Amino acid sequence: MRNGVLPGLAPFLLPLATAACEPPRPPAVPAPAAATEGEEDVAFLRSEKLDEDVQELVVRAFGADVVFTFDVSARAPLDAITRARFRERGVSIEGGDEADRSRLYRVEAKASALGVLTGDERVRAVRCAPPPLPNGPLPDEDAWRKKLERDVRTIVGAKSTCWFEVTIRFGKEPPAGERAYFEEHGVVVLGWSADDAIAWVPVGFLPWVALRSSVAFVEVRRNFR
């Protein structure tokens, strides 16, 4: 594995990075080496069942030991036996019981485990499902843009519905409830100190992070695994 990205992902990075006439996308992941025998199959990344934002999340977070939340729609119920089989593969499913005709499920899983879902013929679509943003309109961007690194601003402009890994630099020690506030809004914290935090942040929540008085700057995490 190089730079925290599984080598088998290499064939899928180019199509995602070169799609024409689309909004700006997050900076490209460094191209990994060719796959070797015995590595995990990543062909599911090409599945049309995955929302485009989910595909990019898989590329970036394939090797991460992080559980994300997804909304899954299915054309038929996912029965108890199927759910148990999915749990054995690290995919936890809620909702969508027999009485629920919408067939909508809330799923928690690592990005690398989504192939379990795309491989099931009943699954129709998989989308990221971060918590709602804080109540009220987002303040004028002049209040938060200067605290976001240029690459992070590009990510925000792409309006992804998924998460992105960043380093949050604190200008002063964050108050006692700061971490709880972040986690309440879907931030997955990997490391936390008085100086900084490393976290996967829902892209739509990044401006709100920058607005916090304790935050001095938010940058793309470049200390790859």
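A search of the whole structure, a predicted model, finds 13 salt bridges. One of them joins Arg85 and Asp120, whose closest N and O atoms are 3.6 Å apart. Arg85 belongs to helix 3 (residues 80-88), while Asp120 sits in the loop between helix 4 (115-118) and strand 4, so the pair ties together parts that are 35 residues apart in sequence. The two partners differ in burial. Arg85 is partly exposed, with a relative accessible area of 40%. Asp120 is buried, with a relative accessible area of 6%.

Asp120 also meets the side chain of Arg122 in a salt bridge, at 2.8 Å from N to O. Arg122 is buried, because its relative accessible area of 17% falls under the 20% limit. These contacts belong to a wider arrangement. Asp79, Arg85, Asp120 and Arg122 are linked in a network of salt bridges.

A further salt bridge connects Asp196 with Arg169, and here the closest N and O atoms are 3.2 Å apart. Asp196 lies in strand 7 and Arg169 in strand 5 (residues 163-170), so this pair ties together parts that are 27 residues apart in sequence. Asp196 is partly exposed, with a relative accessible area of 23%. Arg169 is partly exposed as well, at 33%.

Lys147 presents another case. This residue lies in the loop between strand 4 (123-128) and helix 5 (150-157). Lys147 is buried yet has no salt bridge. The nearest side chain of opposite charge belongs to Glu178 and is 8.6 Å away. That distance is beyond the 4 Å cut-off for a salt bridge. Which backbone oxygen does the side chain of Lys147 reach at 3.1 Å? That oxygen belongs to Arg212. The backbone oxygen of Ala210 also lies 3.0 Å from a polar atom of the Lys147 side chain. Leaving aside residues up to four places away in sequence, Lys147 touches Ala210, Leu211, Arg212, Val215, Ala216, Phe217 and Val218.

Arg212 has a second role in this description, through its side chain. The charged end of Arg212 sits over the ring of Tyr181, 3.9 Å from the ring centre.

Tyr181 leads on to the aromatic residues. Rings count as a pair when their centres lie within 6.5 Å. By this rule the count comes to eight aromatic pairs. In one of them, the rings of Tyr181 and Phe205 have their centres 5.8 Å apart and their planes at 50 degrees, so the pair is tilted. The pair links distant parts of the chain, 24 residues apart. Tyr181 is in helix 6 (residues 178-184). Phe205 is in the loop between strand 7 (196-202) and helix 7 (206-211). Both rings come from buried residues: Tyr181 has a relative accessible area of 18%, and Phe205 has one of 0%.

The pair does not stand alone. Ring pairs link Phe170, Tyr181, Phe182, Trp192 and Phe205 into a cluster. Tyr181 thus appears twice here: as a member of this cluster and as the ring beneath the charged end of Arg212.

Notes. Residues are numbered from 1 along each chain as its sequence is written. This is a predicted model: local features need pLDDT of at least 70, side-chain atom pairs count only at pLDDT 80 or more; totals for chains, interfaces and linings use all residues. Side-chain values use heavy atoms; hydrogens and water are left out. Rings of Phe, Tyr and Trp (its six-membered ring) pair if their centres lie within 6.5 Å; planes under 30 degrees apart count as stacked, over 60 as edge-to-face and the rest as tilted. Helices (H or I, at least four residues) and strands (E, at least two) are DSSP runs, numbered from the N terminus. Buried means under 20% relative accessible area, exposed over 50%, partly exposed in between (1.4 Å probe, protein chains only). A charge sits over a ring if NZ of Lys or CZ of Arg is within 6 Å of the ring centre and within 35 degrees of the ring normal. Lys and Arg count as positive and Asp and Glu as negative; His and the chain ends are not counted. A polar contact is a pair of N or O atoms within 3.5 Å; within protein, one must be able to donate a hydrogen and the other to accept it, and residues adjacent in sequence count only if both atoms are side-chain atoms. Contact means heavy atoms within 4.5 Å.
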